Amino acid sequence: SMVSKTELVAKIAKETGESQAVVKTIVEAFWKEIRTSVEAGEEVRLIGYGKFFKKHSDARKGINPSTKEPIDIPASDRLAFKSALKF
C-alpha cells in the first residue's frame, strides 16, 4: 500500500499535536528546500536516513513501447535519494 502526502500530513499532525495546515506548510517547505539545494548542485544529507542528490542520465536511444519505433531520449537530471536505513 502507499501513503499519500495528505495521509502523511495527517499522521504527523496527530503525532505532534500540530494542525494539519501547519504540518502541510512545513512538509512543503522541507521538499522545496531539498529541491532548491539539489538543483544548485548541493547534496542534502540527513544523518541516519540518507542523502538527496542530483543524478544525471545521458542522452540515449530508446524504443516507443506503443509503436516500437526508435526514439531519442534526451539527457536529464533528476532528484535521487540513497537510503541509509536498514530494515
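**Salt bridges, ring pairs and the N-terminal segment**

A network of salt bridges links K5, K24 and E28. The model is predicted, and six salt bridges are found in a search of the whole structure. Within the network, the side chains of E28 and K5 meet with an N to O distance of 3.0 Å. E28 belongs to helix α2 and K5 to helix α1, so this pair ties together parts that are 23 residues apart in sequence. Neither partner is classed as buried or exposed in full: E28 has a relative accessible area of 37% and is therefore partly exposed, and K5, with a relative accessible area of 45%, is likewise partly exposed.

A further salt bridge is formed by R35 and E39, whose closest N and O atoms are 3.0 Å apart. In contrast to the bridge between the two helices, both residues of this pair lie in helix α2, four residues apart, which is about one turn of the helix. R35 counts as exposed because its relative accessibility is 54%, the cut-off for that class being over 50%. E39, at 49% relative accessibility, counts as partly exposed.

K51 takes part in two kinds of interaction. In a salt bridge with E43, the closest N and O atoms are 3.8 Å apart, a value that falls within the 4 Å limit applied to such pairs. K51 also lies over the face of F53, at 5.7 Å from the ring centre. The relative accessibility of K51 is 22%, so this lysine counts as partly exposed; buried residues are those under 20%. E43 is partly exposed as well, with a relative accessible area of 38%.

The aromatic residues were examined in the same model. A pair of aromatic rings is described by the distance of the centres and the angle of the planes. The count comes to three aromatic pairs. For W31 and F52, the ring centres are 5.5 Å apart and the planes stand at 90°, so the pair is edge-to-face. W31 is located in helix α2 and F52 in strand β2 (residues 50-57), so the contact between these rings ties together parts that are 21 residues apart in sequence. The two residues fall into separate accessibility classes: W31 counts as partly exposed because its relative accessibility is 40%, whereas F52 counts as buried because its relative accessibility is 7%.

F52 forms another aromatic pair with F81, with a centre to centre distance of 4.6 Å and 45° between the planes, and this pair is tilted. Distant parts of the chain are linked by the pair, as F52 is in strand β2 and F81 is in strand β5 (residues 76-83), 29 residues apart. F81 has a relative accessibility of 42% and therefore counts as partly exposed. Taken with F30, the residues W31, F52 and F81 are linked by ring pairs into a cluster.

Helix α2 (residues 20-39) also holds S37. With a relative accessible area of 18%, S37 is buried, and this value lies under the 20% cut-off. When residues up to four places away in sequence are not counted, S37 touches E42 and V44.

At the N-terminal end of the chain, V3 is placed in the segment before α1 (5-16). V3 is partly exposed, having a relative accessible area of 46%. Together with L8 and I12, V3 makes a nonpolar surface patch of about 220 Å². The contacts of V3, leaving aside neighbours within four places in sequence, are with L8 and K11. L8 is thus named both among the contacts of V3 and among the residues of the patch. V3 and S19 are 16 residues apart along the chain, and their C-alpha atoms are separated by 19 Å.

Definitions and conventions
Residues are numbered from 1 along each chain as its sequence is written. This is a predicted model: local features need pLDDT of at least 70, side-chain atom pairs count only at pLDDT 80 or more; totals for chains, interfaces and linings use all residues. Side-chain values use heavy atoms; hydrogens and water are left out. Buried means under 20% relative accessible area, exposed over 50%, partly exposed in between (1.4 Å probe, protein chains only). Contact means heavy atoms within 4.5 Å. Patches are made of residues with over 30% relative accessible area and no salt bridge: like charges are joined within 9 Å, nonpolar side chains (Val, Leu, Ile, Met, Phe, Trp, Tyr) within 5 Å. Accessible areas come from the Shrake-Rupley method with a 1.4 Å probe; for residues, only the protein chains shown count as cover. Rings of Phe, Tyr and Trp (its six-membered ring) pair if their centres lie within 6.5 Å; planes under 30 degrees apart count as stacked, over 60 as edge-to-face and the rest as tilted. A charge sits over a ring if NZ of Lys or CZ of Arg is within 6 Å of the ring centre and within 35 degrees of the ring normal.
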